[in-house]
Amino acid sequence: MCEACERRTRPDALPMCPNCWGLREQRVAAAPKGTRLENAGLWLGGLSFLCLPPIVLASLVVNLMVVSRSAPGHRNKGLIGLGLTIGGVVVTITVFALVISIGS
């Protein structure tokens, strides 16, 4: 590292030069990708079996976001969450149809 970049200790210091950024990228591993959205999609997919339309809708939106943002080989959690959501939609429609048929 160059001397100016070594002395970067203050938050308001100037950014590192391009050469030092390249050296940093070679030595420091990339930060791991977060899985919060994927886990939230799985939880919402499971909760969609409670037959609450807002949860089913939220689960559908979150799992579609997960599938669209994931790399082609890493879509397993999103697809499982989407499958759970579709199961929740089927259960919700069945329950509402039964309630309506019993009520009439």
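**Fold and contacts of an all-helical predicted chain**

In the protein chain, of the contacts formed between residues at least 6 apart in sequence, 49% link residues that are at least 24 apart. The model under consideration is predicted, and its secondary structure amounts to five helices with zero strands, arranged along the sequence in the pattern α-α-α-α-α. The radius of gyration of the protein chain is 23 Å, whereas the globule rule gives 13 Å for 104 residues; the former lies well over the latter, and the chain is therefore more spread out than a compact globule. Along the principal axes, the C-alpha trace spans about 80 × 30 × 15 Å.

With regard to solvent exposure, buried residues account for 22% of the 104 residues in the protein chain, and the accessible surface comes to about 7700 Å², with 68% of this area belonging to carbon and sulfur atoms. As for charge, the protein chain carries 10 positive and 5 negative side chains, and a distance of 10 Å separates the centres of the two sets.

At the level of a single residue, Thr85 may be considered, which is located in helix α5, a segment comprising residues 76-103. Thr85 has a relative accessibility of 1% and, because buried means under 20% relative accessible area, Thr85 counts as buried. When residues up to four places away in sequence are not counted, the residues touched by Thr85 are Gly45, Ser48, Val56, Ser59, Leu60 and Asn63.

Conventions. Residues numbered from 1 in each chain as written. Predicted model: local features only at pLDDT ≥ 70, side-chain atom pairs only at ≥ 80, totals over all residues. Heavy atoms only, no water. Helix = DSSP H or I, 4+ residues; strand = E, 2+ residues; numbered from the N terminus. Rg over C-alpha atoms; globule rule 2.2 N^0.38 Å. Buried < 20%, exposed > 50% of the residue type's maximum accessible area, 1.4 Å probe, protein only. Contact = heavy atoms within 4.5 Å. Areas by Shrake-Rupley, 256 points an atom, 1.4 Å probe, with all protein chains shown as cover. Lys, Arg positive; Asp, Glu negative; His and termini not counted. Charge placed at Lys NZ, Arg CZ, Asp CG, Glu CD.
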